[in-house]
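User: I've got this one loaded in the viewer and would like to go through it with you. Mind if I just fire off questions as we go?

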Amino acid sequence: MKAKWIFLITLPFLVGCELPNPFLEEDLLQHPPAKRCGDCHAEIYKQWKASRHSLAYTSPTYKEATDNYSKQKCLACHIPKELTKGEEPTPRKKHPEDGVNCVSCHFSSKDMAMHGPYDVFSPPHPSKKDPDFTKSFICSSCHRETYKQWKEANSHTTCQHCHMTPIKKADLIQKFPFDLFHAAKLVYNHAFPTGIANHLQVSLSKDNTTLYVNVLNTSVPHNIPTADNGNPKYFITVEVYQGKKLVDKDTKIITPKYAIPYNKLKKFEFVFWDDFDKAKVYIYRQLSWQKEKQLVKELEKTF
Ligand code: HEC
Ligand code: HEC
Ligand code: HEC
Ligand code: HEC
Ligand code: HEC
């Protein structure tokens, strides 16, 4: 116990003086895999491991779309070495199975430091506070199309606000002795959850035997679905009834090219042969990597 306190008292002097930093762990500056960062950042590592970013290379749908990894031009954003902000990254050679890993987003070999949102004291590796980490801009190197849509939406809500919502104040590290020195900070969710657009405003109108499904997206400041790659889809399935009898049924598929934009009413037209007095509408989505459709919303109207 006594040794621990002597250690704690002398550590700031050791680190603060001109001597080489005895706590520096050199390999951290040589693009190690995410697991190595997890030695100290155990909680954040666990979140990242559950994210799509960790699967950007091993994902079966990615493997298929690249003809079993034969397309070199696809590697840049799926196994990036380091971020060059605003520009498409360059791919790395080591541990591709890590996908978009910690170093891809945080390390800069220009100043050999981990860039992040905070001003921290981090003896094992240099750190640098970088205000871009709390801005959507940091996502723009790879999510190029989505970022453009977000810019056009003119929203003040950042990507991080929705896709990295902080869970709680916690330690950034779970490793002795460093964990003793650091106050808890807000930890942003590194599972990068996608969420679901269940706030879509949907209304139905009818003109003769045509049904209009009017969709307004006021909650997500980019297209739905949005994609730089992959093939996420929305489905609108309509059933029309005369009394209790099902008269007809139709489905429209919404791809990123014909997506639902932010804050602009989109009308989907369903033309039927026979008249109807009731319609039921089901909206589903299927993200690029999902095997099954998910129900987003259902509604019905009697005319
Ligand atoms: C270095 C490139 C890169 C950067 C930077 C990046 N991403 Fe990604 N992101 C990807 C790739 C590649 C995928 C696809 C992974 C897969 O499913 O194969 C992805 C997937 C996602 C997904 C899951 C999408 C889905 O289909 O469910 C979300 C959400 C996401 N990113 C949010 C963000 C946010 C927010 C930021 C900024 C803080 C960000 N990303 C920065 C490359 C990047
Ligand atoms: C400029 C960066 C970039 C490049 C280059 C890139 N991707 Fe992606 N890719 C992304 C991002 C970002 C996502 C996240 C999905 C989204 O935007 O909704 C993604 C997602 C995907 C997905 C869906 C997720 C999954 O695991 O199934 C597939 C498939 C995919 N990309 C295939 C490719 C292929 C094939 C190429 C080369 C032709 C390629 N990508 C090149 C950025 C890129
Ligand atoms: C031996 C322990 C250790 C290892 C391993 C480690 N770190 Fe850290 N890291 C720290 C400490 C200590 C802090 C400061 C924590 C605090 O202030 O709460 C820190 C802080 C950070 C920050 C915040 C920087 C900021 O300015 O906001 C980032 C980002 C980071 N580390 C990334 C990484 C990455 C990426 C790796 C793997 C290449 C890694 N770390 C490996 C100990 C470690
Ligand atoms: C797709 C890019 C991306 C990846 C991959 C990524 N991070 Fe981050 N990280 C960020 C962003 C953006 C922030 C800042 C969030 C904010 O403050 O709005 C951040 C914040 C942090 C922080 C400061 C605490 C916090 O949560 O704000 C630490 C420490 C950190 N990351 C470590 C890691 C480690 C360790 C890994 C790998 C296990 C990792 N990051 C993977 C983008 C990334
Ligand atoms: C106000 C919250 C919000 C903001 C801000 C936001 N998103 Fe989203 N995003 C969502 C929701 C909700 C979904 C799920 C939509 C759906 O139902 O498919 C989503 C979906 C996604 C997807 C998966 C899309 C797909 O169709 O495959 C990616 C990738 C993504 N967002 C990236 C980003 C990026 C990058 C930014 C910043 C430029 C951003 N988002 C800003 C809420 C948000």
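User: Which residues are closest to ligand 4?

Analyst: Keep in mind that this is a predicted model. The shell around ligand 4 holds 26 residues in total. Within that shell, the closest ones are H41, W48, C102, C105 and P117.

User: Which element gives the most to the shell around ligand 4?

Analyst: Three helices put in at least two residues each: α2 (34-37), α3 (42-49) and α6 (102-106). The top contributor supplies four residues, and that is α6.

User: How many charged residues are in the shell around ligand 4?

Analyst: Split by class, you get 16 nonpolar and ten polar residues around ligand 4. For the charged class, the count is no residues.

User: Moving to ligand 1, which residues are closest there?

Analyst: Ligand 1 is surrounded by 28 residues. Helices α5 (75-78), α6 and α8 (159-163) each give two or more of them, and α8 gives the most, with three. The closest residues are C139, C142, C159, H163 and T194.

User: What are the numbers of nonpolar, polar and charged residues in the shell around ligand 1?

Analyst: This shell draws on both domains, with at least three residues from each of domain 1 (14-187) and domain 2 (201-302). Sorted by class, the residues around ligand 1 come to 17 nonpolar, ten polar and one charged.

User: And ligand 5, which element gives the most to its shell?

Analyst: Ligand 5 has 26 residues around it, the closest being C159, C162, A197, P225 and P232. Two helices, α7 and α8, each supply at least two residues of this shell. The biggest contribution is four residues, from α8.

User: Which domains does the shell around ligand 5 draw at least three residues from?

Analyst: By class, the shell around ligand 5 has 14 nonpolar, eleven polar and one charged residues. By domain, at least three residues come from each of domain 1 (14-187) and domain 2 (201-302).

User: What distance separates the centres of domain 1 and domain 2?

Analyst: The chain is divided into domain 1, residues 14-187, and domain 2, residues 201-302. Taking the centres over C-alpha atoms, the separation is 37 Å.

User: Which helix gives the largest share of the side of domain 1 that touches domain 2?

Analyst: Eleven residues of domain 1 and nine residues of domain 2 take part in the contact. On the domain 1 side, the residues divide into two nonpolar, seven polar and two charged. Six residues of that side come from one helix, spanning 144-153, namely α7.

User: What is the bridge partner of G116 in β3?

Analyst: There's an open sheet of three strands here, in the order β1-β2-β3, with mixed pairing. Its edge strands are β1 (107-108) and β3 (127-129). Strand β2 (residues 113-116) runs parallel to β3, and three bridges join them. In β3, the residue bridged to G116 is K129.

User: What about the sheet of four strands: by what angle are its neighbouring strands turned on average?

Analyst: That open sheet runs β9-β8-β11-β12 with antiparallel pairing, and its edge strands are β9 (245-254) and β12 (294-302). Nine bridges link strand β8 (residues 233-242) to β9, with Q242 opposite K245. Ignoring direction, the average turn between neighbouring strands is 15°.

User: Which peptide bonds are cis?

Analyst: One is the bond from F176 to P177, with omega near 0°; P177 sits in the loop between β4 (168-170) and β5 (185-187). Another goes into the loop between β7 (210-216) and β8, where P225 is found. That bond has omega near -10°, so to list them: F176 to P177, and I224 to P225.

User: Where does F192 lie, and what is its phi near?

Analyst: F192 is in the loop between β5 and β6 (201-207). Its phi is positive although the residue is not glycine, with a value near 40°.

User: Last one: over which residues is the pLDDT below 50?

Analyst: The chain averages a pLDDT of 92, and 94% of the residues score at least 70. Where pLDDT is low, the predicted coordinates shouldn't be read in detail. One stretch under 50 is 12-17, with four contacts beyond four places in sequence. Another, with three contacts beyond near neighbours in sequence, is residues 1-10.

Definitions and conventions
Residues are numbered from 1 along each chain as its sequence is written. Chains are lettered from A and ligands numbered from 1 in the order in which they are written. This is a predicted model: local features need pLDDT of at least 70, side-chain atom pairs count only at pLDDT 80 or more; totals for chains, interfaces and linings use all residues. A residue is near a molecule or strand if its C-beta atom, placed from the backbone, lies within 6 Å of it. Ala, Val, Leu, Ile, Met, Phe, Trp, Tyr, Cys and Pro count as nonpolar, Asp, Glu, Lys and Arg as charged, and the others, Gly among them, as polar. pLDDT is the predictor's confidence in each residue, from 0 to 100. Two residues are in contact if their C-beta atoms, placed from the backbone, lie within 7 Å. Domain bounds come from an automatic or database domain assignment. Two strands pair if DSSP finds at least two bridges between them. Axes are lines fitted to C-alpha atoms, for helices over the stretch in contact, and angles run from 0 to 180 degrees between N-to-C directions.
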